[in-house]
Amino acid sequence: MTLYPSSPDIESLVKGRAVGYSLVAPFYTDQAVFDLDVAGIFAKHWLFCTTEAEIPEPGDYVTVDVGSYSVIVLRDDDETVRALHNVCRHRGSRLVESPCGSVGNLVCPYHQWTYRTDGSLIFAESQPPTFDKSAFGLRAAHVRVIAGLVFVCLAPEPPSDIEDVAAVLEPYLAPFELSSAKVAHQSEIVEEANWKLVMENNRECQHCDVAHPELITAYFPLFGYAEGDITPRLRPVFERYRVAAEGLQAAKAACRFPQEEHRELDTRATGFQVSHMPLDGAGASFGPDGEQVCDTLMGSITTAQFGDLSIHLQPNSWFHFLGDHAVVFRVLPLGPDRTAVCTTWLVHPDAVEGVDYDLDRLTGVWRATNAQDRALVTATQVGVNNPAYQQGPYSLVEDDVEAFVNWYILRLRDHLSI
Ligand code: FES
Ligand SMILES: [Fe+2]
């Protein structure tokens, strides 16, 4: 058993990371590592923050807090999506407290300096005649909107590979027309666990069979298996999967939807993955046994049997795009052992609750799955807090967990120049 001092030598821990194993405890428990995560990961990479659907009108905003940072992501009067630091240029007061809302202008509650939605300062009382308002606009962060998904980077020079990633993702996302989608529901839960445990848990489905009885009815229980690995017990499932996969391939070919999968989880600064899985049962969506949950299909999608387009981005998001709705997930760290997970369900703008979809049915599977995952990662945090915790080996079907941790370590090495 290894016990770590309260202030670990972080550089040594980063350099000494054992490939294929979970991280040593301080990565999940230590305040200094958490501060490093904010500075080296969250302040330097592209973060998924919101969807255009959440800020459809000029003045609509969402605030995003990461460590000591706070950013107002809003649509300005010219409909451009911007990210403005939530810090008044007079004496630094926080401008906006609400997690979301709508403004005409941004007015500081302290001395009422007033900014347009593009961040320019238009009112500052009792300044001398020589005062130059144009020099005191709100500081901006970088924004990249990818087919309705809004990414923000707090770094002065963001990773430039976002353009490569956007070029890959846009053809997959465009048919879902997310920019004009409607938010059917949003939930934010706090998980009592380090953000990396939340992400690691998302990056594998080895636990799904046992932990997620609702979700697993839509998924084939074949995660991580190649055809050669299929046991006799799984053979009937694999045959069912093969038929569904052929159906999905035909549906994609019929609308010239991209067929390729992409896996660049730890080979670039903006690590990502695109996979497109057929669904089990009715093969349509996250209803009971894979049934459709919204009568109006997304964007220009013409068949409900369109599988699950699953997209993962490092460090803080994952997405499920189905024929009839989309579910998007944003993870933000609150502290070494606290993490906010925001889930947003999107539907076609014309879909009417109670007519085209029932909200409980639309959201039921992922509300249950989120609660189950929260219990799993909370129990894991309790475990890694225990001095008896030692690193354990990832399994053959946890390669995306390894890729996430490897990406994290590589990015810290880059940040620390080690
Ligand atoms: S701190 Fe904002 S107006 Fe004074
Ligand atoms: Fe899970």
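Here is a walk through this structure, from the overall fold to the iron site and then to a few residues worth a look. Keep in mind that you're looking at a predicted model.

Let's start with the whole chain. The protein has nine helices and 17 strands. Its radius of gyration is 22 Å, close to the 22 Å that the globule rule gives for 418 residues, so the protein is as compact as a globular protein of that length. If you lay the C-alpha trace along its principal axes, the spans come out at about 85 × 60 × 35 Å. Of the 418 residues, 54% count as buried. As for how the chain meets itself, take the contacts between residues at least 6 apart in sequence: 67% of those join residues at least 24 apart. On the outside, the protein exposes about 17800 Å², and carbon and sulfur atoms supply 50% of that area.

Now for the metal. What holds the iron ion (ligand 2)? The coordinating atoms are NE2 of H207, NE2 of H212 and two OD atoms of D373, at 2.0 to 2.7 Å. Along the sequence, these donor residues follow the spacing H-x4-H-x160-D. Both H207 and H212 are buried. The arrangement around the iron ion counts as irregular because the four donor atoms subtend angles of 52 to 152°. For comparison, a tetrahedral label would need all angles to lie between 85 and 135 degrees.

Next, go to the loop between β13 (272-277) and β14 (308-313), where you'll find D280. Is D280 buried or exposed? With a relative accessibility of 8%, D280 counts as buried. Leaving aside neighbours within four places in sequence, D280 is in contact with T217, A218, Y219, F220, R240, D289 and G290. For a sense of distance, the C-alpha atoms of D280 and L346 are separated by 22 Å, and the two residues are 66 apart along the chain.

One of those contacts of D280, D289, deserves a look of its own. D289 also lies in the loop between β13 and β14. Its phi is near 55°, a positive value in a residue other than glycine. D289 is partly exposed, with a relative accessible area of 45%.

E79 has a similar story to tell about its backbone: phi is positive, about 75°, although E79 is not a glycine. You'll find E79 in the loop between β3 (69-75) and β4 (81-85). With a relative accessible area of 46%, E79 is partly exposed.

While we're on backbone details, check the peptide bond between Q314 and P315: it is cis, with omega about 0°. P315 sits in the loop between β14 and β15 (317-321).

Last stop: D400, in helix α9 (residues 399-416). At 13% relative accessibility, D400 counts as buried, since the cut-off for that label is under 20%. Which side chain makes a polar contact with that of D400? The partner is R263, and the contact is 2.7 Å. Not counting residues up to four places away in sequence, D400 touches R203, R263, L265 and Q273.

How values were computed
Residues are numbered from 1 along each chain as its sequence is written. Chains are lettered from A and ligands numbered from 1 in the order in which they are written. This is a predicted model: local features need pLDDT of at least 70, side-chain atom pairs count only at pLDDT 80 or more; totals for chains, interfaces and linings use all residues. Side-chain values use heavy atoms; hydrogens and water are left out. Donors are N, O and S atoms within 2.8 Å of the metal (3.2 Å for Na, K and Ca); water is not among the atoms, so sites may look incomplete. Four donors count as tetrahedral if all angles lie between 85 and 135 degrees; four count as square planar and six as octahedral if opposite donors are over 155 degrees apart and all others between 65 and 115; anything else is irregular. Buried means under 20% relative accessible area, exposed over 50%, partly exposed in between (1.4 Å probe, protein chains only). Helices (H or I, at least four residues) and strands (E, at least two) are DSSP runs, numbered from the N terminus. The radius of gyration is taken over C-alpha atoms; the globule rule is 2.2 Å times the number of residues to the power 0.38. Contact means heavy atoms within 4.5 Å. Accessible areas come from the Shrake-Rupley method with a 1.4 Å probe; for residues, only the protein chains shown count as cover. A polar contact is a pair of N or O atoms within 3.5 Å; within protein, one must be able to donate a hydrogen and the other to accept it, and residues adjacent in sequence count only if both atoms are side-chain atoms.
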